[in-house]
Amino acid sequence: MSTEIPYKIYLEESEMPKQWYNVRADMKKKPAPLLNPATKQPVTSEELEAVFCKELVKQELDDTTPYIDIPQEILNFYRMYRPSPLVRAYCLEKKLGTPAKIYYKFEGNNTSGSHKLNSAIAQAYYAKQQGLKGVTTETGAGQWGTALSMACAYLDLDCQVYMVKVSYEQKPFRREVMRTYGANVTPSPSTKTAVGRKILEEFPNTNGSLGCAISEAVEAATTQEGYRYVLGSVLSQVLLHQSVIGLETKIAMDKYDIHPDIIIGCAGGGSNLGGLISPFMGEKLRGEADYRFIAVEPASCPSFTRGVYAYDFCDTGKVCPLQKMYTLGSGFMPAPNHAGGLRYHGMSATLSELYDQGLMEAVSVEQTSVFAAAEQFARVEGILPAPESSHAIKVAIDEALRCKETGEEKTILFGLTGTGYFDMYAYEKFNDGKMSDYIPTDEELQKSIETLPKV
């Protein structure tokens, strides 16, 4: 076993990024603008400020500034758990018998258990700076809700979380961590909001979706004085904050003269994938280097691989702006798979545009194969991965085995977004042989896609 590269590469505190990187600045063809659903015209700052914090609106609409300073208070918070380690998966390489070199950026070394804290503290900080009482949000698997509740507790802000019903029921411990940090957690759809009641009337037995929960959280924010809505993925501002993942990774790799050939991330709304690949994609866009990027999504919610690139509502209740993205339709109700954080009907506008330009690839995988890869990884690398992260693990293993067949010594990098210790119900289902793979039919997807707004 080589000793040239340590098992874990940590940066010095002085080496940590002091700015976020905005990949849109290097895109020749920018993501399409958000549209007002009533006028079909690009949304204005004033319209967005009724929902989001002012500074976050500014970041959301900025597609020309490449680097944005990270406020000192956020940097101070980051120091509690950053820099996160870049790990050489020596044990996995040996187990697979592959000539490939495998690295993963581990984002689970904080109490919230995932990468979501990188943006949660930023969004909570800007809400506090604006003098707000609190924020509302949605959460799927619960990582985002957990991270936001932690950030809000730190800054003494009220936090109201609408948690997708199936995850609320499957992951009670994740829910209780949020409540421990002081958040108010409601299963969605609920009877607390008008949009929730409407969705329940139309789909009385629904397990919920991120689109439903977003609608409820937005309504809650806009009907309470002193509150704004914050989102854990999809939006450009979130990819901006998450770029700290890729920036740290690149600094660490450059330090040891490591050049990844393949970069892999799970993809639900795009926060983790976008954060990991941003600085590497920037090099590709500027013609400085080339990489192969792979987005991995669940076969049960395949927005990249089976969706359409079109304007759609970001939420099921159709109260949010229209975004051009790869989508299955805002009314799509995904099967209750165990990777709750990947059950969103659409994809980040930035990643959608990059994918449409052919700058990255996408694959979909069934959840039983994902959990098989997760357990294989856990047994040799000693970390129980989150179901979401395990999508990236599955494809990283596939690529490493392909190198074994061809003899190519490629370097593979993937994002390990968090731990799976609150996902034991899912692991139990898999271990008991009770986990199934649901793949929507073409007819089901077409029925949802046909409801896309006419733009």
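## Close-up views of a predicted model

**View 1. Phe304 and the residues around it.** Leaving out residues up to four places away in sequence, Phe304 touches Ala295, Glu297, Tyr326, Met347, Leu351, Ser352, Tyr355, Met360 and Ala362; a contact means heavy atoms within 4.5 Å. A word on what you are looking at: this is a predicted model, in which local features need pLDDT of at least 70 and side-chain atom pairs count only at pLDDT 80 or more, while totals for chains, interfaces and linings use all residues. Residues are numbered from 1 along each chain as its sequence is written, and side-chain values use heavy atoms, with hydrogens and water left out. Phe304 belongs to helix 13; helices (H or I, at least four residues) and strands (E, at least two) are DSSP runs, numbered from the N terminus. Is Phe304 buried or exposed? With a relative accessibility of 2%, Phe304 counts as buried. Here, buried means under 20% relative accessible area, exposed means over 50%, and partly exposed lies in between, using a 1.4 Å probe and protein chains only. Thr327 is 23 residues from Phe304 in sequence, and the two C-alpha atoms are 7.3 Å apart in space.

**View 2. Ser303, also in helix 13.** Helix 13 covers residues 303-306, and Ser303 is found in it. Ser303 has 1% relative accessibility and therefore counts as buried. Which residues does Ser303 contact, apart from its neighbours within four places in sequence? They are Glu297, Tyr326, Thr327, Leu328, Tyr344, His345, Gly346 and Met347. Looking back at View 1, you will find Glu297, Tyr326 and Met347 in the list for Phe304 too.

**View 3. An open sheet of seven strands.** To find your way across this sheet, follow the strand order 1-4-5-15-10-11-14; the pairing is mixed. Two strands pair if DSSP finds at least two bridges between them. Which strands form the edges? Strand 1 (8-9) and strand 14 (361-365) do, each pairing on one side only. As background, strands of a sheet pair through backbone hydrogen bonds, either parallel or antiparallel.

**View 4. Strand 5 with strands 4 and 15.** Strand 4 (residues 86-88) and strand 5 (residues 101-106) run antiparallel and are joined by three bridges. Look for Leu86 opposite Lys105 of strand 5, and for Arg88, whose bridge partner in strand 5 is Tyr103. Strand 5 also pairs with strand 15 (residues 411-416), this time in the parallel sense, over six bridges. One pair to pick out here is Ile102 with its bridge partner Ile412 in strand 15. Why is strand 5 described as largely enclosed by the rest of the structure? Five of its six residues are buried.

**View 5. Two cis peptide bonds, each leading into a proline.** The bond from Arg82 to Pro83 is cis, with omega near 5°. Pro83 sits in the loop between helix 3 (72-78) and strand 4. The bond from Ser188 to Pro189 is cis as well, again with omega near 5°. Pro189 lies in the loop between strand 8 (184-188) and helix 9 (194-202).

**View 6. Lys40 and Asp257, two residues with positive phi.** Lys40 is not a glycine, yet its phi is positive, at about 65°. You can find Lys40 in the loop between strand 2 (19-21) and helix 1 (45-48). With a relative accessible area of 32%, Lys40 is partly exposed. Asp257, another residue other than glycine, has a positive phi near 55°. Its loop runs between helix 11 (236-255) and strand 10 (262-266). Asp257 is exposed, with a relative accessible area of 72%.

**Stepping back. The protein chain that holds these views.** The chain has 18 helices and 15 strands. Its radius of gyration is 20 Å, close to the 23 Å that the globule rule gives for 455 residues, so the chain is as compact as a globular protein of that length. That radius is taken over C-alpha atoms, and the rule is 2.2 Å times the number of residues to the power 0.38. Along its principal axes, the C-alpha trace spans about 60 × 50 × 45 Å. Of the 455 residues, 63% count as buried. Among contacts with a separation of 6 or more, 77% come from residues 24 or more positions apart.
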